[in-house]
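Biologist: I would like a close look at one part of this model, and I am new to reading such things. Please take me slowly through a single strand and its surroundings, and explain each term when you first use it.

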Amino acid sequence: MAMDDMTGKKPAPPALDPSRDALFLDFDGCLVDIAPRPDAVIVPRDLPGILTELSEALDGALAVVSGRSLHELERFLEGFEGLMVGSHGSEARGMEPPMAEAPQHLGAVKEDLAGFAQEHDLIFEDKSHGAAIHFRSNPAKQGQVEAFTEALTERYDGFMIQPAKMAVEIRPQGFSKDGALAILSDLVQFDGRKPVYAGDDTTDEPALAWAEEHGGFGIKVGDGESVARYHLAAPTNVRDWLAAALRVE
């Protein structure tokens, strides 16, 4: 991994090359700052336009890849009509969805999670093909959340636990962000390009590794260890890096 000899920290990524690179971007913690509640994120007004211009510059080889539901991504990034992958790869816009139907027992899983969140005064996040409980408001509840979600995955077949920042999510088995990158890379607009992935969470690590292993590179956003070669401190730095690729000298 690339390291800065002076500081021991990973360096900032090189400039994006629109003629050679393919770009994959996480949403929360990467394009926008993490908020106390999932519905409280603030999306910079110019972000959809920047993504649109970049997608055009990359001849369509750009995708937002998120654990968020697709309908949430479309609402937050209204005006951006490019590729989007939601729910860790189980739903997509702009391509044939990897999974067309919600998994069996999804309603029961959501009901149990919502009830637990209400009982313990935690935040429940409904997703298209799963759900999450956020304990950012009460970190002492982490152990209880983890034990409860583990029990749910034992009770209902076809689901898995996905740890996240101050949250635990239950999602369908067989889908992941790196799997989404593999599917996207088979599309014609990505052919022959180097994959570049930016993300901040443990859910992004497989995708960051995938980009590194397939001739491109990963960008870790924020704190924490990562397989990514490069680092940016915060979403504002990511947005500046993206905007820089659009500037014509």
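Modeller: Let us start inside strand S10, where Ile219 is the bridge partner of Ala198, and where Lys220 plays that part for Gly199. Before going further, please keep in mind that this is a predicted model, in which local features need pLDDT of at least 70 and side-chain atom pairs count only at pLDDT 80 or more, while totals for chains, interfaces and linings use all residues. Residues are numbered from 1 along each chain as its sequence is written, and side-chain values use heavy atoms, with hydrogens and water left out.

The two bridges just named belong to the contact line between strand S9 (residues 194–199) and strand S10 (residues 217–221), which pair in the parallel sense over 4 bridges. Strands here are DSSP runs of E with at least two residues, helices are runs of H or I with at least four, and both are numbered from the N terminus; two strands pair if DSSP finds at least two bridges between them. In general, strands of a sheet pair through backbone hydrogen bonds, either parallel or antiparallel.

How many residues of S10 are buried? The count is 5 of the 5, so S10 is largely enclosed by the rest of the structure; buried means under 20% relative accessible area, exposed over 50% and partly exposed in between, with a 1.4 Å probe and protein chains only. Both faces of S10 are covered, with Phe217, Ile219 and Val221 buried on one side and Gly218 and Lys220 buried on the other.

Stepping back, S10 belongs to an open sheet of 7 strands, in the order S4-S3-S2-S1-S9-S10-S11, with mixed pairing. Its edge strands, each pairing on one side only, are strand S4 (91–93) and strand S11 (230–232), and the twist from one strand to the next averages 20°. Angles such as this run from 0 to 180 degrees between N-to-C directions, along axes fitted as lines to C-alpha atoms, for helices over the stretch in contact.

Helix H5 (residues 177–184) packs on this sheet, where it touches strand S1 (21–25), strand S2 (62–65), strand S3 (83–86) and S9, and the direction of H5 makes about 160° with that of S2; contact means heavy atoms within 4.5 Å. The buried residues of H5 are Lys177, Ala180, Leu181 and Leu184. Because these residues cover an arc of only 100° around the axis, they lie on the same side of H5, the arc being that of the directions from the helix axis to the C-beta atoms. Their cover includes S1, S2, S3, S9 and also helix H6 (205–213).

A last detail concerns aromatic rings: those of Phe, Tyr and Trp (its six-membered ring) pair if their centres lie within 6.5 Å, and planes under 30 degrees apart count as stacked, over 60 as edge-to-face and the rest as tilted. By this rule there are 4 aromatic pairs. One of them is stacked, formed by Phe24 and Phe190, with 5.3 Å centre to centre and 15° between the planes. Since Phe24 lies in S1 and Phe190 in the loop between H5 and S9, the pair ties together parts that are 166 residues apart in sequence. Both Phe24 and Phe190 are buried.
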